[in-house]
Amino acid sequence: MSKSIKIRKGLDVNLIGEADKVIADAQRSQFYAIKPADFHNTVPKMVVKVGEKVKAGSPVFKDKYNMDVNFVSPVSGTISDIVRGEKRRILSVLIEADATDEYETFDVSNVGSLDTAGAKAFLMNAGLWPFIKMRPLDIIAKPEDTPKAIFISGFDSNPLAPDYDFTLHGKGKEMQAGIDILSKLTTGKVHLTTRSANPDDALKGVTGCQQNKITGPHPSGNVGVQIHHIDPINKGEVVWVVNAQDVAIIGATALTGKYVPKRLIALTGETAKNRKYYRTLIGTTVKSVVDNNIEGENNRIISGNVLTGEKVEMDDYIGFYHSQITVIPEGNEYKFFLTKGWLGLGFGRFSASHAYPSWMSKSKKFNVDTNLNGEERSYVVTEQYEKVFPFDIYPVQLVKAAITNDIDNMEKLGIYEVAPEDFALCELICTSKVQSQEHIRTGLDLIQKECM
Amino acid sequence: MKFLRNIFDNAHAKLNKSEKTKKFFPLVDSLDTLVFTPNHTTQKGAHIRDAIDLKRTMMFVILAMIPCLLFGIYNAGHWHYHALGEAGGYMDNFMSKLGMGAWYVIPIIAVSYAVGLGVEFIFAIKNGHAVQEGFLVSGMLIPLIMPVDVPLWMVAVATIFAVVIGKEVFGGTGMNIINVALTARAFLFFAHPTSMTGDNTWVAGIKEMKESGTLVPGPDGFSGATSLGELAGAKAKYAEAAIAASKGKAESVVNGLIEKGDAMATKATSMMDSFWGFEVGSVGETSAFAALLGAAFLLWVGIASWKIMLSFFVGGLSIAGLLYAMGGNPFYEVDPIQQLMYGGFMFGMVFMITDPVTAAQTGTGKFFYGFIGGALGILIRMANPAYPEGVMLGILIANVCAPTIDHMVIRANVKRRMKRLKTA
């Protein structure tokens, strides 16, 4: 029984700078990193020391509150540094890579016949557990939970996002193996939701899961939207979510017994050159993909997409969950109000508001920069978030409850169903420039601390 | 541009030199951000942001008020000359009417902005935050809903009251419960009723004219009262007649009262005149046409809510229609559509009830909110014996109701979610 959903609310952000559907090999980076910050609210407990040798798949640190969950090295090499910040918080663990990878081998002879506990143990041991996240809270799943369903979004609708039909092409076997093992984790169903009329065989061909269709603008690809319309989360319930590309990594490991975290990173954005899909491994440097591929000086490099990604520099490392790098111009210049500023005619400026003429050319692709285009203000305009927020939830009221740490109202207004990424469009179009994603994150952290 | 930029950079540098001058930062910053969209970039969350900001939103509302303002200036001049018997046709002496209108209206605008922004700056410096743009709109709304002959000191006092009590005590722009401009008007309405109602305030300079005897009533017996004033008077005469009849007074007395009432009612302007705005009233409110031009613009750019406007109109129309069906006096017997063209109803529908800060915030709530505002406004106007115009009060009451309306709508949403939990 598959479901077909149509959403009307939302906004496709059409930007200049899509990646061509060509695959190139990124240079092998000298260093790879695992950053605890990528795993929100996870406290790492190191299991290696600087100078120790690791293989690809060897644990580097564990979750302090759940010592079964391994965070493993993407390559074989030597632990070269543990970078610490304030209060000795671990920022990243650097691994100096060997020329070729040696792999830790995991026993996969009986993967097909594992029970729930066995499947969990396999995933945690092989470093695959961090790919599974949970809703509510949008953090790594807790192994002791029993999710009522597992949701996989078969596409990414974010601006300039990689095309899963392309990146997953030919990975049907891995997808199937991934879904097989994931389906052991839940008492309910595994949902795979796709957008296009004819998704790639790797997505279409898999069995053992419920195939759903969703049409409509971004955020239709956000798994939270899909959950809300297919099987909404109530207080006390837990749903797990996995990115489709990560399902393939899980499947590959289950098939081969080796942890090979291959990623196709889409290099996108207006000021990126040679915009292609780069084949590399999780944890690689930004440089290995972006080097020599940038035009101009004054740019922002984003690991991820422009809505939810993270600002990085050349020497930083690509985020664990990211399969995209976006490069756009920085907007750190003053704009005279009548020409480029707030009262200009504004042809060609991106805006969802009808106060700029650009809404009339829907298919036009825009160039954007990182200017805030105004200053933060109190909420004045109403019913603005609702237009891009396809939930039966009052978004502004929820953000306000989060700002005021009002747990009771957050619960009532539906905090359990949302993740910060669901508010990215609200934040984008906000007249008052309110940082809604951050507010929701803080609200979720409070809920985790007090209620879960 | 470079030149201007340097001026601001220098000013900032000078202010930053000492702790004493630092607190004046909001002054320079407000001007700076008015002239230049600042170079702030996104640091957290989404890396790109919509080009819209509060300044543009507010400025567009001001643009939408320009037809009302221009017509109001002309209209003030027209009735000034009309009272002197020198007006001629509508287009005669056009330039001198504009000039005379501007002579009376521009000072009200200047006082409203100067005083209001002054208060805003004081609060900004005291609280150390930037000046938010809310008053840009309020500062223009206040002159448009004042009688043209209102003393300037009253405008100043009302503006201070509105900004301090109506807005800043709640936390400034975005936090107020009731509409700031209407707070100013309501303050004067109750504190200085003789300057806000009656027949001595709607025409520029009419008091002096009456004192010096230069007022020319003309063939239409122009008294200086608004159409609504005349109609309310007519209604009062009918009420008197009814009382007289019940006390068994002579028929001639009763009929005399009714005749007086009818005579007053005939002074109310025609449907077309009140649609175009050729009648006395507050500066910007008279022309339904100008307000509708503003409405078209606001709806086109998506800043005002059509839900509120529509439901406000329907609310007003239903009460006007209901009382029309009841009949019984000239006020009730005005065609319902014409009833809505009188007074501040159309202006209130476009610029007042739609103020997003004081309106209901939920989509469903907006329909209830607008309806309540429109219905109460017309009900107070027509049924209440004390106030000839009720739109202001209707909107203020709707403002007060808005949070409750939202609360109900949101509670329904919460209940829906709770129900899902039980069935699951």
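## Strand β12 and its partners

In this predicted model, strand β12(A) pairs with β13(A) through five bridges, and the two run parallel. One position shows the register: A:Ser153 sits opposite A:Thr193 of β13(A). β12(A) also pairs with β15(A), again in the parallel sense and over five bridges. Here A:Ala149 has A:Val239 as its bridge partner in β15(A).

Is β12(A) enclosed or open? Five of its five residues are buried, so the rest of the structure largely encloses it. In a regular strand, side chains alternate between the two faces of the sheet. Both faces of β12(A) are covered. A:Ala149, A:Phe151 and A:Ser153 are buried on one side. A:Ile150 and A:Ile152 are buried on the other.

## Helix α3 of chain A

Helix α3 of chain A spans residues 172–182. Nine of its 11 residues are buried, which leaves the helix mostly covered. The buried set begins with A:Glu174, A:Met175, A:Gln176 and A:Ala177. It also holds A:Gly178, A:Ile179, A:Asp180, A:Ile181 and A:Leu182.

What covers these residues of α3(A)? Among the covering elements are three strands of chain A: β12 (149–153), β13 (189–194) and β15 (239–243). Helices of chain A contribute too, including α1 (116–125), α4 (201–204) and α6 (244–256).

## Chain A as a whole

Chain A has 11 helices and 21 strands. Its radius of gyration is 22 Å, close to the 22 Å that the globule rule gives for 452 residues, so chain A is as compact as a globular protein of that length. Along the principal axes, its C-alpha atoms fill a box of roughly 65 × 50 × 45 Å.

Of the 452 residues, 55% count as buried. Consider the contacts in chain A with a separation of 6 or more: 69% of them involve residues 24 or more positions apart.

## Where chain B touches chain A

How many residues of chain B are in contact with chain A? There are 52, and they touch 60 residues of chain A. On the chain B side, four elements each supply at least two residues: α3 (25–35), β1 (36–37), α4 (54–83) and α19 (391–423). α19(B) gives the most, with seven residues. By class, this side of chain B has 24 nonpolar, 18 polar and 10 charged residues.

The two chains also pair strand to strand. β21 of chain A covers residues 335–336 and is joined to β1(B) by two bridges. The two strands run antiparallel. A:Phe336 stands opposite B:Phe36 of β1(B).

## A helix pair in chain B

Within chain B, helix α6 (residues 134–144) packs against helix α8 (residues 180–191). The angle between them is about 35°, and their axes are 8 Å apart. The crossing of α6(B) and α8(B) is right-handed.

Which residues meet in this pair? α6(B) brings B:Ser138, B:Leu141 and B:Ile142. α8(B) brings B:Val180, B:Ala181 and B:Ala184. The residues of this contact divide into five nonpolar, one polar and no charged.

Definitions and conventions: Residues numbered from 1 in each chain as written. Chains lettered and ligands numbered in written order. Predicted model: local features only at pLDDT ≥ 70, side-chain atom pairs only at ≥ 80, totals over all residues. Buried ≥ 20, exposed ≤ 12 C-beta atoms within 10 Å, placed from the backbone. Contact = placed C-beta atoms within 7 Å. Nonpolar A, V, L, I, M, F, W, Y, C, P; charged D, E, K, R; others polar. Pairing = 2+ DSSP bridges. Axes fitted to C-alpha atoms, helices over the stretch in contact; angles between N-to-C directions. Left-handed = near helix turned anticlockwise from the far one by under 90°. Rg over C-alpha atoms; globule rule 2.2 N^0.38 Å.
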